[in-house]
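Reader: Before I rely on any of the labels attached to this model, I would like to hear the reasoning behind them. Could you take me through them one at a time?

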Amino acid sequence: MMQQIRDTVDSIAKKQDISPDELHLLLTAEDSGGLEYLREKARACADAIYGDRIFTRGLIEFTNYCRNDCLYCGIRKSNGNAQRYRLTSEEILECCREGRELGFRTFVLQGGEDPYFNDDRVCEIVSRIRAEFPDCAITLSIGEKTRESYQRYFDAGADRYLLRHETADENQYRKLHPRTMSLTRRKQCLYDLKEIGYQVGCGFMVGSPGQTTETLYEDLQFIRQLQPHMVGIGPFISQHDTPFAQEESGTLDQTLRLLSIIRLIHPHVLLPATTALGTIHPLGREMGIQAGGNVVMPNLSPVSVRKKYELYDNKICTGDEAAECRHCLEGRMHRIGYRIVVDRGDYQP
């Protein structure tokens with residue numbers, strides 16, 4: 001079995017593609033030596049392009065209002081128990097100032113699809129950040145918008161946009177989202193963003209209710225077709241105020257295997273070791289880096305609102321100051337042989 005896994009991994013790395021049978025083998029194999037080879041091959045692939053550098057993104061969760069009602073999400077519109085908040089423009093700028101002092105050169109403005117933050121307000125915030133921090137990258141993660149809106153944000157100074165597709169399979173998408181949402185539209189948004197000139201990130205949940213090897217194969221093929229600059233994946237973790245409250249969470253093991261596979265089929269991709277990984281295992285983010293990841297995303301949001309941005313239960317780093325998050329991760333990466341760099345961390349083609 002070990003030799004079969006090794007041959008499969010080598011084949012995937014060479015052709016930068018994967019077949020349904022190869023995916024099934026790598027997701028079900030129990031041979032520890034073969035799985036270690038998968039991780040080592042992915043890590044070597046990342047090292048060949050990015051070396052021992054780990055890039056940071058300073059995450060600013062600026063609103064937890066959302067017009068959508070996704071069945072898995074703790075800030076869904078129907079959750080009457082969510083403690084809603086919005087940061088002001090000045091509060092967002094203050095988060096950026098603190099982050100700049102700590103060595104961050106990318107700021108990620110993430111929020112629900114909040115109608116209050118219309119195009120004018122988003123553009124004003126982006127313009128202010130761009131004017132004050134010309135050497136920093138600005139990433140938006142605020143959901144589905146029109147192409148015209150995306151163009152306005154880009155013209156105001158945004159560099160990157162993260163929009164997780166969550167699943168590329170139509171039937172699986174319907175299990176996770178209300179009828180008002182459309183996978184076709186989601187995918188079109190990603191193509192629009194890429195055509196405008198953004199560095200684009202997509203991604204999916206691992207272990208979402210109803211997910212199969214076949215649906216995961218669709219995700220990997222979509223990534224190959226889109227060729228995004230970043231892919232964010234993490235385990236599905238249930239949230240107690242959602243319809244999926246009693247569903248089993250995704251596993252660390254499957255997430256790590258998929259991180260390695262993504263690295264092999266898309267070698268240059270920016271691949272985060274997510275907070276969700278750290279939530280399901282104390283060393284989850286370190287394991288994510290060792291499986292082929294090269295990005296971590298510490299929280300720059302004010303401590304007073306961090307627990308309110310509860311996409312899923314038991315989220316870590318809700319009480320630490322930004323400096324604590326940064327220095328903690330720096331030490332964690334150093335212990336596994338990697339270093340956090342003061343860098344925008346751009347995609348390297």
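**Labels and their grounds**

Author: Let us begin in the sheet, where I54 of strand 1 stands opposite I340 in strand 11. The model is a predicted one, and every value below is computed from it.

Reader: What makes strand 1 and strand 11 a pair?

Author: Pairing requires at least two bridges between the strands, and strand 1 and strand 11 are joined over two bridges, in the parallel sense, so the requirement is met. Strand 1, residues 53-56, also pairs with strand 10 in the parallel sense over two bridges; F55 has V295 as its bridge partner in strand 10, while T56 stands opposite V296.

Reader: Why are strand 10 and strand 11 said to stand at the edges?

Author: The three strands make up an open sheet in the order 10-1-11. Strand 10 (295-296) and strand 11 (339-340) each have a single partner strand, so one side of each has no neighbour in the sheet. As for strand 1, both of its faces are covered, with R53 and F55 buried on one side and I54 and T56 buried on the other.

Reader: How do you know that R97 and E132 meet in a salt bridge?

Author: The criterion is a side-chain nitrogen within 4 Å of a carboxyl oxygen, and the N to O distance between R97 and E132 is 2.7 Å, so the pair qualifies. R97 lies in helix 4 (residues 89-102) and E132 in helix 5 (residues 119-132), so the contact ties together parts that are 35 residues apart in sequence.

Reader: What makes R344 and D159 a salt bridge?

Author: Their closest N and O atoms are 3.9 Å apart, and since the limit is within 4 Å, the label holds because that distance satisfies it. The pair links distant parts of the chain, 185 residues apart, with R344 in the segment after strand 11 and D159 in the loop between helix 6 (147-156) and strand 5 (160-162).

Reader: Why is D159 called buried, and why does R344 count as partly exposed?

Author: Buried means under 20% relative accessible area; D159 has 19% and therefore counts as buried, whereas R344, at 23%, counts as partly exposed.

Reader: Why is the pair of Y150 and Y161 called edge-to-face?

Author: Ring centres must lie within 6.5 Å, and planes over 60 degrees apart count as edge-to-face. The rings of Y150 and Y161 have their centres 4.9 Å apart and their planes at 70 degrees, so the pair is edge-to-face. Y150 lies in helix 6 and Y161 in strand 5, so this contact ties together parts 11 residues apart in sequence. Y150 is buried, with a relative accessible area of 0%, and Y161 is buried with a value of 0%. Together with F154 and Y198, these two tyrosines form one aromatic cluster.

Reader: How do you know that the charged end of R6 sits over the ring of Y37?

Author: The distance part of the test asks for the charge within 6 Å of the ring centre, and there is also an angular condition, within 35 degrees of the ring normal. The charged end of R6 is 4.0 Å from the centre of the Y37 ring and is assigned as sitting over it. Likewise, R121 lies over the face of Y116, at 3.9 Å from the ring centre.

How values were computed: Residues are numbered from 1 along each chain as its sequence is written. This is a predicted model: local features need pLDDT of at least 70, side-chain atom pairs count only at pLDDT 80 or more; totals for chains, interfaces and linings use all residues. Side-chain values use heavy atoms; hydrogens and water are left out. Helices (H or I, at least four residues) and strands (E, at least two) are DSSP runs, numbered from the N terminus. Buried means under 20% relative accessible area, exposed over 50%, partly exposed in between (1.4 Å probe, protein chains only). Rings of Phe, Tyr and Trp (its six-membered ring) pair if their centres lie within 6.5 Å; planes under 30 degrees apart count as stacked, over 60 as edge-to-face and the rest as tilted.
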